[in-house]
Amino acid sequence: MGAQTNKYLQIKGGISSDINDLAMPRYQFQIRELCFRIKTRLTQLIIRQS
């Protein structure tokens, strides 16, 4: 996710809104997936320490 997301974020202001509307859901999904994995991992670590 890192390199592609950084590249997209650098150019997103210069692309048309039509293209941005097509591309944005992919990056939103990747961000949500990353947050879910972090939350899951933190939960696992907390349970192990209990």
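Is Cys 35 buried, partly exposed or exposed, and what is its relative accessible area? In this predicted model, Cys 35 has a relative accessible area of 47%. Residues count as buried under 20% and as exposed over 50%, with partly exposed in between; Cys 35 is therefore partly exposed. The residue lies in helix 2. Its separation from Lys 12 was also computed: the two residues are 23 positions apart in sequence, and their C-alpha atoms are 22 Å apart in space.

Helix 2 spans residues 17-49 and includes Leu 42. The relative accessible area of Leu 42 is 49%, and this residue is accordingly partly exposed. Leu 42 also contributes to a nonpolar patch on the surface, which it forms together with Leu 34, Ile 38 and Leu 45. The area of this patch is about 320 Å².

Helix 1 comprises residues 2-11 and packs with helix 2. The angle between the two helices is about 140°, and their axes lie 11 Å apart. Angles over 145 degrees would count as roughly antiparallel, and those from 65 to 115 as roughly perpendicular. The angle of about 140° belongs to neither range, and the arrangement of helix 1 and helix 2 is therefore described as oblique. The crossing of helix 1 past helix 2 is left-handed.

Two residues of helix 1 were examined for accessibility, namely Asn 6 and Lys 7. Asn 6 has a relative accessibility of 46% and so counts as partly exposed. For Lys 7 the relative accessible area is 57%, and because exposed means over 50%, Lys 7 is classed as exposed.

Separations in sequence and in space were computed for both of these residues. Between Asn 6 and Gln 44, the C-alpha distance is 29 Å, with 38 residues separating them in sequence. Lys 7 and Ser 17 are 10 residues apart along the chain, and the distance between their C-alpha atoms is 17 Å.

Terms used
Residues are numbered from 1 along each chain as its sequence is written. This is a predicted model: local features need pLDDT of at least 70, side-chain atom pairs count only at pLDDT 80 or more; totals for chains, interfaces and linings use all residues. Side-chain values use heavy atoms; hydrogens and water are left out. Patches are made of residues with over 30% relative accessible area and no salt bridge: like charges are joined within 9 Å, nonpolar side chains (Val, Leu, Ile, Met, Phe, Trp, Tyr) within 5 Å. Accessible areas come from the Shrake-Rupley method with a 1.4 Å probe; for residues, only the protein chains shown count as cover. A salt bridge is a side-chain nitrogen of Lys or Arg within 4 Å of a carboxyl oxygen of Asp or Glu. Helices (H or I, at least four residues) and strands (E, at least two) are DSSP runs, numbered from the N terminus. Buried means under 20% relative accessible area, exposed over 50%, partly exposed in between (1.4 Å probe, protein chains only). Axes are lines fitted to C-alpha atoms, for helices over the stretch in contact, and angles run from 0 to 180 degrees between N-to-C directions. Angles under 35 degrees count as roughly parallel, over 145 as roughly antiparallel, 65 to 115 as roughly perpendicular and the rest as oblique. A crossing is left-handed if the near helix is turned anticlockwise from the far one by less than a right angle, and right-handed if clockwise.
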